[in-house]
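Work through the exercises below with the model open. Try each task before reading its solution.

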Amino acid sequence: MPDPVETSKIQTSEPEPAAPEKLGTQENRKWPVLAEFTPEALAKMEKVLPSKLNRIVQTSLAGCIHCGMCTEACHYTQSIPEDKTLVPAYKADRFRKWYKYRYDWMAKAFPSFVGAKPLSKDLADEMYDKLWGGCTMCRRCTFNCPMGVDYGMMVRAARGIMCEAGRVPQNLQDTVDAHYNHGNNMAVPQDEFIETIEWIEEELQSEEGCEHFTIPLDKKGAQYLLTLNPREPKYYPMTIQSTAKVLNAAGVSFTISSRYWDMTNYAMFNGMDGDAKLFAKWLFDEVDRLGCEYLMSGECGHGYRGIRWEMSNWLGGVPFKITSSMELFADLIQTNRLKLDKSVHDNKIFTYHDSCNIARSGGVLEEPRVVIRAAVNNFVEMPHNREQSYCCGGGGGALAMPEFAKRRIASGKIKADEIKATGANVVLQSCHNCTDMLKEICEHYGIHAKVMNLAELLDPALVLTD
Amino acid sequence: MENKVSYALYVLQEPVQYIALTFMALMYAIKIYQLMKKPGPPEKAELKGDRYAGALHSLANVLRPWGMESTRSHPYFYVEFLIFHIAVALTIGSTFFIPLTPWLMTPLVSKVIMVFMGLAFLIGLRRIYRRITVPEIRIISSPDDFFAITLMTVFFAVGFVTMWLWIQGKPETGWMWLFFLMVTFFLIYVPFSKISHYVLYPFGRVMYGQVFGGRGILNRNAR
């Protein structure tokens with residue numbers, strides 16, 4: 001039986017909560033996904049191709065000399081050497097053959113001489129298999145290509161073409177559709193999100209020394225608008241708690257929007273520019289609504305890249321500053337706004353995995369190392385690090401494509417070998433796709449290491465003062 | 001050295017070459033125009049690095065074998081690449097020097113060019129062997145890839161003999177005819193072949209350098 005006093009307290013002191021706002025678009029879209037390429041789908045692809053050929057994509061399609069130098073750059077070929085069809089040049093050629101058939105001068109007269117092929121169901125099937133399930137768009141091969149072929153941009157263009165025609169991994173498209181329909185990719189309702197943040201705030205306040213720490217929602221005029229990965233409120237609330245604890249400890253003025261807080265943008269993975277732009281616009285509008293100085297991404301690889309680098313391109317520029325929690329943490333440490341006790345981590349050995357979108361495509365290379373060196377004494381770099389880091393295998397939306405899971409896990413072997421070589425028992429990273437992938441490969445390849453992000457690293461090392 | 005040749009060989013060495021060269025330039029101009037009319041990807045975000053320094057850094061990549069893992073781990077491959085392309089440049093130069101400034105083609109200069117042609121011939125043979133025997137290279141190779149490297153290899157062999165005869169004071173030989181006939185073929189064929197990759201090279205490298213330089217990943221000292 002409910003306590004009448006408590007019931008009365010609720011009735012008298014708590015105003016009736018407003019009905020949750022319908023976020024996302026007003027329609028309820030379900031993108032038509034095809035089980036196989038139909039003649040109509042192929043015709044659609046033929047129609048869409050020219051619109052995807054910007055200068056970089058065209059140069060990348062025309063510029064490969066088949067030297068094979070990309071072979072050793074790819075985590076797929078390094079981890080699965082027996083499958084030669086995973087060589088980046090081979091995978092890209094599934095798209096390039098069709099491009100050449102349409103545009104190469106020599107191919108007009110002698111298509112087979114230059115390896116050109118008309119778009120057929122067989123070729124499209126190969127494109128689907130190799131460019132959705134055999135490439136994470138990590139761009140490591142781009143960094144090792146003498147010609148500067150940008151495989152990431154090229155593969156994204158090919159994915160966009162296939163997606164427009166309806167041939168896209170169902171689960172990946174469902175993720176984009178959820179974001180489109182609900183304003184975040186896990187369809188978390190607004191009231192549930194608010195409740196979760198309030199619960200995390202209570203948990204934070206129950207920690208010693210954190211009684212006055214807050215996680216402000218919709219606080220106008222805050223300096224930083226913190227954005228989250230939906231996996232955090234759903235499965236990793238501790239990440240939000242740790243991030244908020246660090247920000248509070250440093251006296252950072254921040255807020256989280258109760259409306260559009262999802263920093264992810266899976267339209268980067270399915271190549272749909274219109275959706276990518278829409279998701280970015282929602283965040284743009286929230287910064288504007290709340291009058292924040294900075295839009296800040298939490299720890300999420302593609303989310304960071306989407307916000308930091310691509311948002312301005314999609315929207316034609318932004319009037320506010322953009323940063324990430326990784327960069328802010330490093331700044332707070334370098335300006336002595338955080339006091340850390342390294343000894344709490346002395347019984348562990350740490351290594352750091354550079355997310356491709358944060359490091360190679362994002363330029364955040366040294367900041368995580370500033371954070372780590374301030375928080376731990378035992379840090380070991382992997383043999384390939386920073387912009388030369390191997391993709392863990394979870395990039396490019398790979399985790400949202402269960403049909404390619406076996407190959408994805410196999411592709412993580414080179415990363416698993418590098419983690420093992422460090423002898424680390426904690427793998428640090430700043431990306432949720434990397435988190436899940438690293439956990440999977442640690443389990444699969446028998447590595448006894450915990451996976452955690454930078455906020456979770458800083459949290460126990462914080463020395464809280466008045 | 002003097003280039004005393006018949007009128008027929010003169011026609012092949014000069015007017016025919018000019019016509020073929022003009023054709024090649026026209027084809028390249030069209031190629032570049034078609035590329036440049038495509039929208040360049042914008043970079044409107046606040047930069048972390050320098051796009052121009054990145055582009056320069058990227059263009060100079062060819063001179064920094066330590067700058068790329070693929071060349072860092074295969075220095076022998078890089079040396080081959082360097083010799084092969086120096087030989088290409090010297091051979092192209094010789095097709096101008098022989099008819100226009102034969103006095104530049106002294107025995108010493110000719111011998112240097114000949115040595116590079118000989119080395120490039122051997123490298124060409126190795127590259128053909130590699131393309132045939134290395135599975136991952138074979139499956140990405142089209143007939144054009146084989147034709148291009150074979151043609152270049154044969155061309156270097158012909159050039160080597162031609163230079164050797166030139167050093168003996170024999171400017172008009174069957175080999176010289178063959179050499180310039182091949183040059184003519186190259187000038188017409190190359191714009192349609194993968195050999196024209198050198199036209200796309202600066203575009204690819206500059207765009208790569210701009211993107212990754214601007215984001216502060218290349219030449220990090222330029223931040």
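**Exercise 1.** Find how many residue pairs are in polar contact across the interface of domain 2 of chain A and domain 3 of chain A.

*Solution.* Step 1: set the rule. A polar contact is a pair of N or O atoms within 3.5 Å; within protein, one must be able to donate a hydrogen and the other to accept it, and residues adjacent in sequence count only if both atoms are side-chain atoms. Step 2: apply the rule across this interface of the predicted model. It finds 14 residue pairs, both residues at pLDDT 80 or more. Step 3: see which elements take part. H12 (231-234), H13 (237-249), H16 and H17 (325-334) of chain A each give two or more residues to the domain 2 side (helices are DSSP runs of H or I, at least four residues, numbered from the N terminus). H13(A) has the largest share, seven residues.

**Exercise 2.** Find the salt bridges between these two domains.

*Solution.* Step 1: look for a side-chain nitrogen of Lys or Arg within 4 Å of a carboxyl oxygen of Asp or Glu. Step 2: count. The rule finds two across this interface. Step 3: inspect A:Lys245 and A:Asp459, whose side chains form a salt bridge with N to O at 2.7 Å.

**Exercise 3.** Now do the same for chain A and chain B.

*Solution.* Step 1: count the salt bridges. There are five by the rule. Step 2: inspect one pair, B:Lys48 and A:Glu327, with the closest N and O atoms 3.4 Å apart. Step 3: count polar contacts. The rule finds 25 residue pairs, both at pLDDT 80 or more.

Residues are numbered from 1 along each chain as its sequence is written, and chains are lettered from A in the order in which they are written. Local features need pLDDT of at least 70, and side-chain values use heavy atoms, without hydrogens and water.
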